[in-house]
Each structure stands twice: as C-alpha cells, then as structure tokens.
Amino acid sequence: MPLIDTYIEAGDDALKCGIIPDYNDGNVIGASVAQFNIAGGERITSPDAFLKKVPKNLTMWTEVEVHRILFKGKTAIGVEFTKDGKKGIPEM
C-alpha cells in the first residue's frame, strides 16, 4: 500500500519515532498501521467479525503463545501452546 507506506515514513521522518513493522511483537513505540475489525463503518470485536455462532467447545485464553494449530483432516481441533512457561495441549 504505497500511500500508507509514505504516510508511515513521513511520521517517522517528522517525529523520529521509528517504524513498527508488526506492533503485535510487543514494541509499541513508533509509527505503524493499526489493525481493526470494521463492519458497517463501526469497530467490532473479533468474535463478532469472525464467528457467526460461537461453538460451545470454544475456550478463549489470553497471554498464551500458540506454537501450532492441530487439525483433524481440514478441521482445526486445538492448538499446542505455552502458558505461564508450561507447554500444553487443551483437553478435547
């Protein structure tokens, strides 16, 4: 996106703040492109954007590092993860 790249570079040139290629890596100081879920001109949550119906077996955790998505055929059935320094696979 050339126009956005120019805008980010101009912000860095003017403020000398640096450019953040991926603000999900923990570095939040600098110029970056924000990521939002937008529908009908309004910001919405990720579940509203991506889940038409929330499955009963869905568990959402925070502060978890996901290493690999587990599949049964073409269906995702879980993840390998680390939480609080411990590796695990959720019970299915």
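Is Val 66 buried, partly exposed or exposed? In this predicted model, Val 66 counts as partly exposed, at 48% relative accessibility. The legends below begin with this residue and then turn to other sites.

**Figure 1. Close-up of Val 66 in strand S3.** Val 66 is a residue of strand S3. Its relative accessibility of 48% falls between the limits of 20% for buried and 50% for exposed, so Val 66 is classed as partly exposed. Apart from residues up to four places away in sequence, Val 66 touches Val 79, Glu 80 and Phe 81. The C-alpha atoms of Val 66 and Ile 77 are separated by 13 Å, and these two residues are 11 residues apart along the chain.

**Figure 2. The antiparallel pairing of S3 and S4.** Strand S3 covers residues 65-72, and strand S4 covers residues 75-83. The two strands pair in the antiparallel sense, over seven bridges. Within this pairing, Leu 70 stands opposite Gly 78 in S4, and the bridge partner of Glu 65 is Thr 82, also in S4. S3 and S4 form a hairpin with two residues between them. In the turn of this hairpin, Gly 73 has a positive phi of about 65°.

**Figure 3. The salt bridge between Arg 68 and Glu 80.** One salt bridge is found in a search of the whole structure. It is formed by the side chains of Arg 68 and Glu 80, with an N to O distance of 2.5 Å. The pair links distant parts of the chain, as Arg 68 lies in strand S3 and Glu 80 in strand S4, 12 residues apart. Arg 68 counts as partly exposed, at 46% relative accessibility. Glu 80 is also partly exposed, with a relative accessible area of 24%.

**Figure 4. Surroundings of Thr 82 in strand S4.** Thr 82 has its place in strand S4. With a relative accessibility of 16%, Thr 82 counts as buried, because the limit for that class is under 20%. The side chain of Thr 82 is joined to the side chain of His 67 by a polar contact of 2.4 Å. When neighbours within four places in sequence are left aside, Thr 82 is in contact with Glu 63, Val 64, Glu 65, His 67 and Lys 87. One of these residues, Glu 65, has Thr 82 as its bridge partner.

**Figure 5. The hairpin of S4 and S5, with Asp 84 between the strands.** S4 and S5 run antiparallel and are joined by three bridges. In this pairing, Phe 81 stands opposite Gly 88 in S5. The hairpin has two residues between its strands. Asp 84 lies in the loop between strand S4 (75-83) and strand S5 (86-88). Most residues other than glycine have a negative phi. Asp 84 has a positive phi of about 55° although it is not a glycine. Asp 84 counts as exposed, with 66% relative accessibility.

**Figure 6. Lys 16 in the loop that follows helix H1.** Lys 16 is placed in the loop between helix H1 (2-15) and strand S1 (38-39). Although Lys 16 is not a glycine, its phi is positive, at about 50°. Its relative accessible area is 67%, and Lys 16 is therefore exposed, the limit for that class being over 50%.

**Figure 7. Asn 37 and its contacts.** Asn 37 is found in the loop between H1 and S1. It counts as buried, at 18% relative accessibility. The side chain of Asn 37 makes a polar contact of 3.1 Å with the side chain of Ser 46. Not counting residues up to four places away in sequence, Asn 37 touches Glu 42, Arg 43, Ile 44, Thr 45, Ser 46, Ala 49 and Phe 50.

**Figure 8. A nonpolar patch on the surface.** The patch is formed by Val 54, Leu 58 and Met 60, which together have about 300 Å² of accessible area. Val 54 lies in the loop between helix H2 (46-50) and strand S3 (65-72).

Technical notes. Residues are numbered from 1 along each chain as its sequence is written. This is a predicted model: local features need pLDDT of at least 70, side-chain atom pairs count only at pLDDT 80 or more; totals for chains, interfaces and linings use all residues. Side-chain values use heavy atoms; hydrogens and water are left out. Helices (H or I, at least four residues) and strands (E, at least two) are DSSP runs, numbered from the N terminus. Buried means under 20% relative accessible area, exposed over 50%, partly exposed in between (1.4 Å probe, protein chains only). Patches are made of residues with over 30% relative accessible area and no salt bridge: like charges are joined within 9 Å, nonpolar side chains (Val, Leu, Ile, Met, Phe, Trp, Tyr) within 5 Å. Accessible areas come from the Shrake-Rupley method with a 1.4 Å probe; for residues, only the protein chains shown count as cover. A salt bridge is a side-chain nitrogen of Lys or Arg within 4 Å of a carboxyl oxygen of Asp or Glu. Two strands pair if DSSP finds at least two bridges between them. A polar contact is a pair of N or O atoms within 3.5 Å; within protein, one must be able to donate a hydrogen and the other to accept it, and residues adjacent in sequence count only if both atoms are side-chain atoms. Contact means heavy atoms within 4.5 Å.
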